[in-house]
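Student: I am new to this structure and would like a close look at a single part of it. Please take me through it slowly.

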Amino acid sequence: MKAVQSFYESFLSYHPEEAARILESFSFMEILRLMSQTTSRNVAHLISSMTPALAVEILRALPDGMLHSVMPEFPPPVL
C-alpha cells in the first residue's frame, strides 16, 4: 500500500494539471477526502489547476487548520 501512496503523491506533485482534470470528475466529497490525504503543497497546486468555480468551493469547504497550511503554498500572484 505504501507503493500506491508513493505513486499517488508523485503523480499529484509532478502532474497537478492532469490530476486536477481527473479529480474534477469525482464527487465533491471524494475530492475533499483525497485532498485531506496529501501534502499542503499538492493541495495548493491542485486547487490552482482546477476550474475557478470548483477551486472556490473547495477553499470554502476546507477545514480551518488545513486552509491555514495550504494558503502559504500558493504561488504569489503575478502582476
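Leaving aside its neighbours within four places in sequence, which residues is Met50 in contact with?

Tutor: Happy to help! A word on the model comes before the answer. This is a predicted model, in which local features need pLDDT of at least 70 and side-chain atom pairs count only at pLDDT 80 or more, while totals for chains, interfaces and linings use all residues. Residues are numbered from 1 along each chain as its sequence is written, and side-chain values use heavy atoms, with hydrogens and water left out.

Now to your residue. With its neighbours within four places in sequence set aside, Met50 is in contact with Ala20, Arg21, Leu23, Glu24, Ile31, Met35 and Ile58; contact here means heavy atoms within 4.5 Å. To find Met50 in the picture, look at the loop between α4 (40–49) and α5 (52–61). Helices are DSSP runs of H or I with at least four residues, numbered from the N terminus. Met50 counts as buried because its relative accessibility is 6%. The cut-offs are these: buried is under 20% relative accessible area, exposed is over 50%, and partly exposed is in between, with a 1.4 Å probe and protein chains only.

Let us follow the partners one by one, starting with Glu24. Met50 and Glu24 are 26 residues apart along the chain, yet 7.3 Å separates their C-alpha atoms. Glu24 is itself partly exposed, as its relative accessible area is 25%. Arg21, another partner of Met50, is partly exposed at 42% relative accessibility. These two residues also meet each other: Arg21 forms a salt bridge with Glu24, and their closest N and O atoms are 3.0 Å apart. A salt bridge is a side-chain nitrogen of Lys or Arg within 4 Å of a carboxyl oxygen of Asp or Glu. In general, side chains of opposite charge can pair when their charged atoms come close.

One step back along the chain is Ser49, which lies in helix α4. Ser49 counts as buried, with 14% relative accessibility. Beyond its neighbours within four places in sequence, Ser49 is in contact with Pro16, Glu17, Ala20, Arg21 and Glu24.

Two more partners of Met50, Ile31 and Met35, take us to α3 (28–35). In α3, Ile31, Leu32, Leu34 and Met35 are buried. Seen down the axis of α3, these buried residues fall within an arc of 165 degrees, so they line one face of the helix; the arc is that of the directions from the helix axis to the C-beta atoms. This helix also holds a salt bridge, in which Arg33 pairs with Glu30 and the closest N and O atoms are 2.5 Å apart. Arg33 and Glu30 are separated by about one helical turn because they are 3 residues apart in α3. Arg33 is partly exposed, with a relative accessible area of 38%, and Glu30 is partly exposed at 28%.

The remaining partner to follow is Ile58, which brings in α5, whose buried residues are Leu54, Ala55 and Ile58. Viewed down the axis of α5, they fall within an arc of 100 degrees, so they line one face of the helix. They pack against α3 and α4. The face of α5 turned away from this buried side carries the exposed residues Pro52, Ala53 and Arg60. Arg60 has a relative accessible area of 64%, and its side chain meets that of Glu57 in a salt bridge (3.2 Å, N to O). Glu57 is partly exposed, at 38%.

Finally, see how α3 and α5 meet. Their axes come within 11 Å and cross at roughly 60 degrees; axes are lines fitted to C-alpha atoms, for helices over the stretch in contact, and angles run from 0 to 180 degrees between N-to-C directions. The contact is made by Phe28, Ile31, Leu32 and Met35 of α3 together with Leu54, Glu57, Ile58 and Ala61 of α5. These residues divide into 7 nonpolar, no polar and 1 charged, where Ala, Val, Leu, Ile, Met, Phe, Trp, Tyr, Cys and Pro count as nonpolar, Asp, Glu, Lys and Arg as charged, and the others, Gly among them, as polar. Ile31, Met35 and Ile58, named in this contact, are also among the partners of Met50.
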